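This report goes through one protein chain, from its cysteines to its overall make-up and then to a single leucine. The sequence and structure come first.

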Amino acid sequence: MANTPQQLGTLYNALTAGSKIIGTIIADSDIRIDGHVEGDLQCSGKVVIGEQGNIKGNIICQNAEILGKLDGKIDVKNTLALRATGNILGEVATQTLIVEPNAVFNGSCSMNKQHPSPAPQPEKK
């Protein structure tokens with residue numbers, strides 16, 4: 001059985017350096033931003049903001065890696081990695097936060113570990 005490109009992790013969207021988008025982006029697979037975005041980004045996979053990338057807006061995604069600049073809110077279901085060249089100005093909500101030395105983070109952070117729901121208790125009669 002052959003693997004599809006998505007199973008191999010090779011299917012993703014990209015905005016190259018020198019490109020600019022004003023508006024909302026909705027991506028069903030991973031996306032890498034090396035250009036400039038003014039608007040919101042909703043991604044079902046991983047968001048990577050490259051070193052030249054700049055987003056001014058809000059992001060909702062599964063995982064994120066920030067090497068460039070984000071000015072806004074980011075809601076990451078699993079892991080957010082802020083790399084040494086990364087810069088976040090705004091609000092962060094994530095389950096796991098990784099911050100490398102020399103990264104810049106000015107804002108607030110809310111971390112929620114997801115715990116299994118307690119087992120239902122039998123009703124008292």
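## Cysteines

In this predicted model, Cys43 counts as buried, because its relative accessibility is 5% and the cut-off for burial is under 20%. Cys109, by contrast, has a relative accessible area of 37% and is therefore partly exposed.

Searching the whole structure for disulfides returns zero. Cys43 accordingly takes part in none, and the nearest cysteine sulfur to it, belonging to Cys61, lies 6.3 Å away, whereas a disulfide would need the two sulfur atoms to be within 2.5 Å.

## Overall make-up

The protein chain contains 13 strands and zero helices, so that, read from the N terminus, β follows β throughout the order of elements. Among contacts in the protein chain with a separation of 6 or more, those joining residues 24 or more positions apart make up 1%.

Of its 125 residues, 33% count as buried. The area that the protein chain exposes comes to about 8,000 Å², and 50% of this is supplied by carbon and sulfur atoms.

## Leu80 and its surroundings

Leu80 belongs to strand β11, which spans residues 69-82, and it is buried, because its relative accessible area is 0%. Once neighbours within four places in sequence are set aside, the residues in contact with Leu80 are Ala64, Ile66, Ile74, Ile88, Val92, Thr94, Thr96, Leu97 and Ile98.

For Leu97, which is 17 residues from Leu80 along the chain, the separation between the two C-alpha atoms is 5.0 Å.

Notes. Residues are numbered from 1 along each chain as its sequence is written. This is a predicted model: local features need pLDDT of at least 70, side-chain atom pairs count only at pLDDT 80 or more; totals for chains, interfaces and linings use all residues. Side-chain values use heavy atoms; hydrogens and water are left out. Buried means under 20% relative accessible area, exposed over 50%, partly exposed in between (1.4 Å probe, protein chains only). Helices (H or I, at least four residues) and strands (E, at least two) are DSSP runs, numbered from the N terminus. Contact means heavy atoms within 4.5 Å. Accessible areas come from the Shrake-Rupley method with a 1.4 Å probe; for residues, only the protein chains shown count as cover.
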